[in-house]
Amino acid sequence: METIEAIRSRRSVRRYQETPVSKETIESLLEAAIRAPSAVNRQCWRFVAVTDKEKIAGLAKLNMAFNGWLKDAPAVIVACADPKESTDSNDLPYYMWDAALAMHNLVLAATDKGLGTCYLAAYKEDKVKELLGIPDNIRVVCMTPLGYPAEKVSLGEKLTKAVTGSSKRKPLSEVAHWDKW
Ligand SMILES: Cc1cc2nc3c(=O)[nH]c(=O)nc-3n(C[C@H](O)[C@H](O)[C@H](O)COP(=O)(O)O)c2cc1C
């Protein structure tokens with residue numbers, strides 16, 4: 001798949017087939033993740049790949065109720081960062097960039113392999129850390145389920161799409177400027 005095709009075809013997937021995602025596939029996606037750029041090449045990103053059903057069910061409970069569908073995903077990738085390893089500028093912590101850019105590499109590589117993903121960031125971070133044994137000094141930046149998309153979208157997905165406006169985008173004319181704002 002061409003990169004632009006992966007960018008265009010990616011969408012948030014909120015219902016998955018039961019088919020497991022192999023360890024090799026997950027590793028190849030993590031390899032894609034760590035090819036991302038990072039501030040001063042510090043690579044402060046850390047990942048937890050979760051395939052244990054009970055832990056995934058636990059993660060679903062720690063997310064906002066409308067993300068309950070997460071419990072049926074065959075895998076979840078949790079993107080973390082060590083803030084002390086990164087830098088910042090203008091009060092913008094670069095560890096967020098580092099982890100998010102890596103995660104988006106993973107998301108696009110997953111799309112390329114026919115896998116679905118969906119960024120999730122509304123969870124109880126301290127509880128996620130406790131469940132997965134993530135050290136105190138590490139921040140959880142976001143997570144995504146990983147799996148082969150189910151053919152039918154769930155009611156939860158329909159509702160979320162109604163709220164978020166689905167995959168609609170604001171026109172370029174509204175968000176991009178030339179030479180001057
Ligand atoms: C930081 C972040 C947090 C998000 N949190 C959620 C979430 O909690 N639940 C959810 O279903 N989707 C979540 N999304 C996915 C967005 O709703 C989705 O990307 C947006 O509606 C555009 O749709 P698309 O990804 O299909 O293009 C999140 C996305 C981002 C980037």
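In this predicted model, Arg-46 is partly exposed, with a relative accessibility of 32%. Arg-46 is joined by a salt bridge to Glu-85, and the closest N and O atoms of the two residues are 2.5 Å apart. The pair connects distant parts of the chain, since Arg-46 belongs to strand β1 and Glu-85 to the loop between β2 and β3 (88-89), 39 residues apart. Glu-85 also counts as partly exposed, because its relative accessibility of 26% falls between the limits of 20% for buried and 50% for exposed residues.

The contact between Arg-46 and Glu-85 belongs to a set of 4 salt bridges in the structure. In general, side chains of opposite charge can pair when their charged atoms come close. Another of these contacts is formed by Glu-27 and Lys-23, with 3.6 Å between the closest N and O atoms. Both residues lie in helix α2, where a spacing of 4 residues places them about one helical turn apart. Lys-23 is exposed, at 58% relative accessibility, whereas Glu-27 is partly exposed, at 43%. A further salt bridge is made by the side chains of Lys-71 and Asp-72, at an N to O distance of 3.1 Å. Lys-71 has a relative accessible area of 47% and is therefore partly exposed. Asp-72 is likewise assigned as partly exposed, with a relative accessibility of 47%.

Helix α4 comprises 19 residues, from 94 to 112. The distance from its first C-alpha to its last is 27 Å, close to the 27 Å expected at 1.5 Å a residue. Its buried residues are Tyr-95, Asp-98, Ala-99, Ala-102, Met-103, Leu-106, Val-107, Leu-108, Ala-109, Ala-110 and Thr-111. The packing partners of these buried residues include two helices, α1 (3-9) and α2 (23-33). They also include the strands β1 (45-50), β2 (75-81), β4 (92-93) and β5 (139-146). Strand β1, which carries Arg-46 of the salt bridge with Glu-85, is thus among the elements against which the buried residues of α4 pack. Helix α2, which holds Glu-27 and Lys-23, is also one of these elements. Just after α4, Gly-114 adopts a positive phi of about 80°.

Positive phi values also occur in the loop between α2 and β1. Val-40, located in this loop, has a positive phi of about 50° although it is not a glycine. With a relative accessible area of 61%, Val-40 is exposed. Asn-41 lies in the loop between α2 and β1 as well, and its phi is near 50°, again a positive value in a residue other than glycine. Asn-41 is exposed, its relative accessible area being 54%.

The ligand is surrounded by 16 residues, of which Ser-12, Arg-14, Asn-67, Ser-167 and Arg-169 come nearest. Side chains of several of these residues approach oxygen atoms of the ligand. In Ser-12, an N or O atom of the side chain is 2.6 Å from a ligand oxygen. For Arg-14, a polar side-chain atom is placed 2.6 Å from an oxygen atom of the ligand. For Arg-169, the corresponding distance from a polar side-chain atom to a ligand oxygen is 2.8 Å. The ligand taken alone exposes 620 Å², and the protein buries 71% of that area.

Asn-67, one of the residues that come nearest to the ligand, is separated from Thr-160 by 9.2 Å between C-alpha atoms, although the two residues are 93 apart along the chain. Thr-160 is part of helix α6, which spans residues 155-164. Thr-160 is buried, with a relative accessible area of 15%, a value under the 20% limit for that class. Gly-68 is situated in the loop between α3 (53-62) and β2. Its relative accessible area is 28%, so Gly-68 is partly exposed. The C-alpha atom of Gly-68 lies 8.7 Å from that of Ala-57, and these two residues are 11 positions apart along the chain.

Key. Residues numbered from 1 in each chain as written. Predicted model: local features only at pLDDT ≥ 70, side-chain atom pairs only at ≥ 80, totals over all residues. Heavy atoms only, no water. Expected span 1.5 Å × (residues − 1). Buried < 20%, exposed > 50% of the residue type's maximum accessible area, 1.4 Å probe, protein only. Contact = heavy atoms within 4.5 Å. Near = heavy atom within 4 Å. Polar contact = N/O pair within 3.5 Å; in protein donor to acceptor, adjacent residues only side chain to side chain. Areas by Shrake-Rupley, 256 points an atom, 1.4 Å probe, with all protein chains shown as cover.
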